[in-house]
Amino acid sequence: MQIEELIERYGNDILRLCAVYLGDHQLAQDAFQETFLKAWKGLDNFRGDSSEKTWLSRIAVNTCRDLLRSGWLRMLKKSKPMEEIMELAAPAPNPEAAAVREATLALSGRYREVIVLYYYEGMQTSQIAKVLNLPENTVSTRLRRARVQLGRLLREEVEP
């Protein structure tokens, strides 16, 4: 397995994951590069306990978390409008889908990450648990709570 093959197979998915997680196009590109740099350095240590995509997603999520925790990021002004960021994830087929994306971005990090991995990346709860290094029950609970919060956010948007 070569890093070029991984980028070819999973690059778009990882970039989309980073963009939705971080909410910033330039940061997503930085996280994407950092993710594949870490993957390249750790390629010899990949044991195959999970799929390549799960392994890369875990690296990407941890990289995004590190970026969000960094002190300089707090002072960094967002560089791109949300509309451009959401273009990285496939275009919204209708206004309702766009509203769901915006509501997803409004969730706190712990809830946003499970929604993104489950709905946008199509992962099962067991895969998400591996990516986030959490018990599967915790992932299920976060998904349930995230859905409730999404419902509230979407109702607020509809009601005047």
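**Exercises around Trp55 and the core**

The largest nonpolar core has 42 residues, and the ones with the most contacts inside it are Leu6, Ile14, Trp55, Leu56 and Leu117. Keep in mind that this is a predicted model.

**Exercise 1.** Work out which helix gives the most to this core.

*Solution.* Start with the contributors: helix 1 (3-22), helix 2 (25-42), helix 3, helix 6 (95-106), helix 7 (109-120), helix 8 (125-132) and helix 9 (136-158) each supply at least two residues. Of the helices, helix 1 gives the most, with 10 residues.

**Exercise 2.** Decide whether Trp55 is buried or exposed, and list its contacts beyond four places in sequence.

*Solution.* First, place Trp55: it's in helix 3 (residues 52-69). Next, check the relative accessible area, which is 16%. Buried means under 20%, so Trp55 is buried. Finally, leaving aside neighbours within four places in sequence, Trp55 touches Leu6, Ala39, Gly42, Leu43, Phe46 and Ser50.

**Exercise 3.** Classify the aromatic pair of Phe46 and Trp55, then that of Tyr118 and Tyr119.

*Solution.* The structure holds 3 aromatic pairs. For Phe46 and Trp55, the ring centres are 4.6 Å apart and the planes sit at 40°, so call this pair tilted. Tyr118 and Tyr119 come out edge-to-face, with 4.8 Å centre to centre and 80° between the planes. Now add burial: Phe46 and Trp55 are both buried, whereas Tyr118 is partly exposed at 27% relative accessibility and Tyr119 is partly exposed at 46%.

**Exercise 4.** Find which residue lies over the face of Tyr118.

*Solution.* Look 5.4 Å from the ring centre and you'll find Arg147. For another case, try Tyr21: the charged end of Arg112 sits over its ring, 6.0 Å from the centre.

Methods. Residues are numbered from 1 along each chain as its sequence is written. This is a predicted model: local features need pLDDT of at least 70, side-chain atom pairs count only at pLDDT 80 or more; totals for chains, interfaces and linings use all residues. Side-chain values use heavy atoms; hydrogens and water are left out. Helices (H or I, at least four residues) and strands (E, at least two) are DSSP runs, numbered from the N terminus. Buried means under 20% relative accessible area, exposed over 50%, partly exposed in between (1.4 Å probe, protein chains only). Contact means heavy atoms within 4.5 Å. A nonpolar core is a set of buried Ala, Val, Leu, Ile, Met, Phe, Trp, Tyr and Cys residues joined through side-chain atoms within 4.5 Å. Rings of Phe, Tyr and Trp (its six-membered ring) pair if their centres lie within 6.5 Å; planes under 30 degrees apart count as stacked, over 60 as edge-to-face and the rest as tilted. A charge sits over a ring if NZ of Lys or CZ of Arg is within 6 Å of the ring centre and within 35 degrees of the ring normal.
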